[in-house]
Amino acid sequence: MSKSISLRGQMAAMSAPSVIFTVGMIAFPFFYTIWLSFQTMSATGTIRYTGAANYVRMVSDDQFWNGLTITAALYFLSLVMQLICGTALALLLFRAKKLPGIVRSLFISPFMMPPVVAGMMWLVILDPSLGAANYILTSFGLPPSEWLASPGFVVPTLALIDTWQWTPYVALIVLGGLQSLPPSVYEAAEIDGASKFKTLYRITLPLLLPTLVTAAVLRSVDLLRFFDLIYITTQGGPANASSTLNIYGFRTGFEFFQLGYASALMVTLSVIVFGAVLVLNRLRTAVAW
Amino acid sequence: MTDLASNDRWFSRLNTLLLILAGIIVITPTAWMVLSSFKQSFEVTAYPPTLFFSPTLDNYRSLSDTTPFPQYALNSMIVTVGSTSLGLLLGAPAAFVASWTRITWPAVVTLVARMAPGTLFLLPWYLMFRQFDMIGSYWALILTHAVITMPIVIWVLLPFFDNIPRSVYEAAQVDGCSPFRIFYRIALPLVSSGLAVSAILAFVFSWNYFLFSLVLSNSDTKTLIAASFNFIGEGSTNWGGLMAAATLIALPPLILATIVQRWLISGLTLGAVKG
């Protein structure tokens, strides 16, 4: 009896520090932000309960809708490109069988470098007047682009940079999925005389679906709260053309110090992230085999 | 039959060719960054851009003269090592207990921190740390970065602990070993490779993290990543210096990632994918 108590006691003692830390640094701030989203801070710094006023304000706030649209555009554009390119790259890597360690290091380098460094590097490459990208375009007779400085093209440009950075990551996840497929299905397809493309569309890709959804979940979490790269390269500009919800919420809180409204924006964004994860997880169980 | 075989050969040649092309696309931007960091100031903004030039270390040398780069690097080190250690200290016993008792919901709660936008926590943290007059302190940065590192440690270590056969624990218990002793005398040594992987991943993610130190640091405690924002402002006239800074900042995570590449994907996906 006393032994089982001491067992439980020691278990509790070992997990206590992490539980205390989680409560203090994660759970408390989490609920505090939700509480704050129902308050308004006056100019004198006093906090006052205002009910759902912050959420009502959101509905008629053009900047909010702008942020939501940009978040969605950036999300879908990047996710689709990364899944397509990542799957293609994974199939190439899978066929190559043996991968020297140096090749693997090469492919992990984009997504292990800080997003901030990726931003610095692409700022220089995509500079409208002196950048290497425009030099390459013009030497092929194509018109130069303003890239990140163009309100119309900044979102696709950010999506391209993110795709460059994260395609190898998606590829390595999909590669893991490919390697875990039972070889017997391929052998059966080969015996039946199925062509390579037929095998790919009818057998490999359907079997890969759960892995693809897993990759989509992991990327969705990052893509919906897209921040670092934007803050480093454009800070949401030009003319708010890359002001995602996360950027808008951050600026509302830390540049305009509207803590209540910023909290409401952050809560909304979190609901979107958790909602996307839940929906995709449902999808994953639906396509599991 | 021979037709099929030659068809196959062409297929694998095309495969190799496409793979090389993909490799070139992946590496070119990074190579351009490194190359530019060795260019003279007049050459780095030359148009058309030059591929061949006489390399110089001037950009690296002048980093410490024109910016507090060494101070920022030291700050990054303090915050990263501090938050990685804290993450291990909190996360390793938590993962052990979760694996032993099969109670994983506390670990799932920490995933909230991994999924929610960092900005969600930042406002309350800001108010909290201001209350305790800790804005700009190393401790504020270490504590907030541990919110990144602890879930990584827990989720990377969980499968390692799960792999220890229960009979090992039972035998130790029969010998009168307390759970705490079992943890640090038996379980920890058995998961030493897991500890290394989780420490390295935690280090990389803490090092790379931008948002928290952007808000919670001051000019004395600013990390390299947060200082990058200033480098860009100054770098509009000095691309060579900017690229030298970028190269140096990217170096530690890239080297460490290479070491753990075997466990990288399962670690990054927090066990969702076996890579």
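1. A good place to start is L214(B). Setting aside residues up to four places away in sequence, L214(B) touches F227(A), Y231(A) and F250(A) from chain A, along with A226(B) from chain B. If you want to find L214(B) in the viewer, look in helix α11 of chain B, residues 211-216. For a sense of distance, take A140(B): the two residues are 74 apart along the chain, and their C-alpha atoms are separated by 12 Å.

2. Before going further, keep in mind that this is a predicted model. For chain A the pLDDT averages 90, with 98% of the residues scoring at least 70. Chain B averages 89, and there 96% of the residues score at least 70. Where pLDDT is low, the predicted coordinates should not be read in detail.

3. Where in each chain is confidence lowest, and where is it highest? In chain A, the low end is helix α8 (residues 183-191), with a mean of 79, and the high end is helix α3 (residues 62-95), at 96. In chain B, helix α2 (residues 41-44) is lowest at a mean of 80, while helix α4 (residues 69-101) is highest at 96.

4. Now the make-up of chain A. You'll find twelve helices and two strands. Reading from the N terminus, the order is α-β-β-α-α-α-α-α-α-α-α-α-α-α. Chain A has a radius of gyration of 24 Å, well over the 19 Å that the globule rule gives for 289 residues, so chain A is more spread out than a compact globule. The C-alpha trace of chain A spans about 80 × 75 × 35 Å along its principal axes.

5. Chain B is built from 14 helices and zero strands, so to speak a plain run of α-α-α-α-α-α-α-α-α-α-α-α-α-α from the N terminus on. Its radius of gyration is 24 Å, whereas a compact globule of 275 residues would have one near 19 Å. Along the principal axes, the C-alpha trace of chain B spans about 75 × 75 × 30 Å.6. How much of each chain is buried? In chain A, 51% of the 289 residues count as buried. In chain B, 52% of the 275 residues do. On the outside, the accessible surface of chain A is about 13000 Å², and 70% of that belongs to carbon and sulfur atoms. Chain B exposes about 12300 Å², with carbon and sulfur atoms supplying 67%.

7. A word on contacts within each chain. Take the contacts in chain A with a separation of 6 or more: residues 24 or more positions apart account for 67% of them. For chain B, 73% of the contacts between residues at least 6 apart in sequence join residues at least 24 apart.

8. Charges next. Chain A has 16 positive and 11 negative charges, and their mean positions are 13 Å apart. Chain B has 13 positive and 11 negative side chains, with the centres of the two sets 8 Å apart.

9. Is T252(A) buried or exposed? T252(A) has 1% relative accessibility, and anything under 20% counts as buried, so T252(A) is buried. This residue sits in helix α11 of chain A, residues 245-254. Leaving aside neighbours within four places in sequence, T252(A) is in contact with F257(A), Q258(A), Y261(A), A262(A) and L265(A). As for that last partner, L265(A) is 13 residues away in sequence, and the C-alpha to C-alpha distance is 8.8 Å.

10. Some backbone geometry deserves a look too. Most residues other than glycine have a negative phi, and most peptide bonds are trans. With that in mind, check the peptide bond from G237(A) to P238(A): it is cis, with omega near -10°. P238(A) is found in the loop between α10 (228-233) and α11 of chain A.

11. The loop between α10 and α11 of chain A also holds Q235(A). Q235(A) is not a glycine, yet its phi is positive, near 50°. At 31% relative accessibility, Q235(A) counts as partly exposed.

12. W147(A) is another one to check: its phi is positive, about 50°, although it is not a glycine. You'll see W147(A) in the loop between α6 (132-139) and α7 (154-179) of chain A. W147(A) is buried, with a relative accessible area of 11%.

Technical notes:
Residues are numbered from 1 along each chain as its sequence is written. Chains are lettered from A and ligands numbered from 1 in the order in which they are written. Side-chain values use heavy atoms; hydrogens and water are left out. Helices (H or I, at least four residues) and strands (E, at least two) are DSSP runs, numbered from the N terminus. The radius of gyration is taken over C-alpha atoms; the globule rule is 2.2 Å times the number of residues to the power 0.38. Buried means under 20% relative accessible area, exposed over 50%, partly exposed in between (1.4 Å probe, protein chains only). Contact means heavy atoms within 4.5 Å. Accessible areas come from the Shrake-Rupley method with a 1.4 Å probe; for residues, only the protein chains shown count as cover. Lys and Arg count as positive and Asp and Glu as negative; His and the chain ends are not counted. The place of a charge is taken as NZ of Lys, CZ of Arg, CG of Asp or CD of Glu. pLDDT is the predictor's confidence in each residue, from 0 to 100.
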